[in-house]
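The following note sets out numbered remarks for a colleague who will work with the coordinates. Its subjects are the sheets, the helix packing and the enclosed spaces.

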Amino acid sequence: MKCAKIYAKRLNTWLTEYEKNTSFSGSVQVISKGEVIFKKHIGYTDRERKIAIDDDTRFRFYSLTKPFVAIGIMKLYEEGMISLSAHPGEYIECARELDTRITIEMLLKHISGLPEIADADKLQKKEEFDLSAEVQKLSGIPLNFEPGTQVEYLNTNFIIPSLILEKFHKMPLCKYFEELLFPTLGMQTALCDTGESKIENLATGYEKSESGEIVPADYVNMKLMSGAGFAVGKLSDAVCLYDIIKNNKFLKPETWQKIFTVSDVGDFGAGCIVFEWNGKRTYQHNGGFLGFRTIHRYLPEADFDIIVLSNVGFVDGRIEICEKIHEIYFGESRNNNNPEMDKGFIPEKQ
């Protein structure tokens, strides 16, 4: 217990200095063997009005939404409703003309070869998009590579499974998440941001202007993101990922094992990355776009969990904070293997 307090004090001191040097703001939590050993809220949810981040602050998860789509799809698989080796067109009409070699598993592990539907440019346009029509258009566009031969992280790969979830549950994905999946997973305050209504306690996301001023981030079309990135939640909601993974909740252990089994050509499991970090097997989920950066990192063999949610897009401190946490609690940090799910999804101007 004494060591835990010393480590927490060291991390607190470092984060205070880090905030001062970078203008980072957000929430950081560390769990070891089921016990919260560190939690800190840093900075402001609203800089203009000096409203501090606290337990009630919601953050945009962005691609931290993807694991929940994967969990939903794997539940359908577990119940015998779908086959992971099936073509998505077997379940949704808009995908019927896609390359016949593409499977649902390829989508979940980002090896489909499909082009992007929701790229950075589209996501910053205030337009209505029919996702089924966008998927249908893909059949007339050349693949980026032969299915199953390479890895490319794309929102497309999770928008299509999102439509499959809507088809089977006979409701919009937002309703499925908020009324069925999130509550079942213990995420009592998680919501979907479709841009149609104001979300209580949602943090303002910040970027830096060309002159260097910290300003509210530009518009993002959250409805277009769909299951690829429209979830929002509190720190307590994100923590549920630790609980459900550690305790094999909602899905059978063998199904969770499928989620964390990577493809032959990359580090992606279903909605996650699986890799060796500082000599430890690591499951990672993360997200990032205008105004927000998120990361969840679980080390199953050490039963050690890190969550960082931030509302400053101009400070991508997720990895640096994870490395410092590892250094403090494990005594070393090699800083030599830090893949990010959302790499390549940030606008070039950033």
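1. Two strands are treated as paired if DSSP finds at least two bridges between them. The model under review is a predicted one. With that criterion in mind, strand 6 and strand 9 (residues 231-233) are joined by two bridges and run antiparallel. Within this pairing, Cys192 stands opposite Ala231 of strand 9.

2. The pairing just described belongs to an open sheet of three strands, whose order is 5-9-6 and whose pairing is antiparallel. Its edges are strand 5 (59-60) and strand 6 (191-192), each of which pairs on one side only.

3. A further open sheet has six strands in the order 2-1-13-12-11-10, and the pairing here is also antiparallel. Strand 2 (35-42) and strand 10 (273-277) occupy the edges; each has a single partner strand, so one side of each has no neighbour in the sheet. From one strand to the next, the twist averages 15°.

4. Which strand does strand 10 join through five bridges? The partner is strand 11 (residues 280-289), and the two run antiparallel. One residue pair may serve as a reference for inspection: Val274 has Tyr283 in strand 11 as its bridge partner.

5. Turning to the helices, the packing of two helices is described by the angle between their axes and the distance between the axes. Helix 6 (residues 156-169) packs against helix 7 (residues 173-184) at an angle of about 70°, and their axes are 9 Å apart. Angles of 65 to 115 degrees count as roughly perpendicular, and helix 6 and helix 7 are therefore roughly perpendicular to each other. The contact brings Ser162, Leu165, Glu166 and His169 of helix 6 together with Leu173, Tyr176 and Leu180 of helix 7. By class, the residues of this contact are four nonpolar, two polar and one charged.

6. Helix 7 also has a contact with helix 2. The axes of helix 2 and helix 7 come within 12 Å and cross at roughly 75°, which makes helix 2 roughly perpendicular to helix 7. Helix 2 contributes Phe68, Val69, Ile71 and Gly72, while helix 7 contributes Tyr176, Phe177, Leu181 and Phe182. This contact has seven nonpolar residues, one polar residue and no charged residues.

7. How many cavities of 30 Å³ or more does a search of the whole structure find? The search finds one. The space in the largest cavity is about 50 Å³. Its lining includes Pro67, Ala70 and Ile71, together with Leu241, Ile245, Trp256, Ile259 and Phe260. Ala270, Gly271, Cys272 and His285 also belong to that lining.

8. Three helices each supply at least two residues of the lining of the largest cavity: helix 2 (66-78), helix 9 (235-246) and helix 10 (253-259). The largest share, three residues, comes from helix 2. Ile71 of helix 2 appears in the contact with helix 7 and in the lining of the largest cavity. The class division of the lining is ten nonpolar, two polar and no charged residues.

9. The largest pocket holds about 630 Å³ of space. Its lining consists of 31 residues, and those nearest its centre are Arg60, Asp193, Ile199, Leu202 and Ala203. Strand 3 (44-46) and helix 8 (222-225) are the elements that give two or more residues to this lining.

10. What is the division of the lining of the largest pocket into nonpolar, polar and charged residues? There are eleven nonpolar, eight polar and twelve charged residues. For the lining of the largest cavity, by contrast, there are no charged residues.

Methods
Residues are numbered from 1 along each chain as its sequence is written. This is a predicted model: local features need pLDDT of at least 70, side-chain atom pairs count only at pLDDT 80 or more; totals for chains, interfaces and linings use all residues. Side-chain values use heavy atoms; hydrogens and water are left out. On a 1 Å grid over the protein atoms alone, a cavity is a set of points where a 1.4 Å probe fits but cannot get out, and a pocket is an open set with protein on both sides within 12 Å along at least five of seven lines; lining residues have an atom within 4 Å of a point. Grid points are joined across faces, edges and corners, and a volume is the space filled by probe spheres set on the points. Helices (H or I, at least four residues) and strands (E, at least two) are DSSP runs, numbered from the N terminus. Ala, Val, Leu, Ile, Met, Phe, Trp, Tyr, Cys and Pro count as nonpolar, Asp, Glu, Lys and Arg as charged, and the others, Gly among them, as polar. Axes are lines fitted to C-alpha atoms, for helices over the stretch in contact, and angles run from 0 to 180 degrees between N-to-C directions. Angles under 35 degrees count as roughly parallel, over 145 as roughly antiparallel, 65 to 115 as roughly perpendicular and the rest as oblique. Contact means heavy atoms within 4.5 Å.
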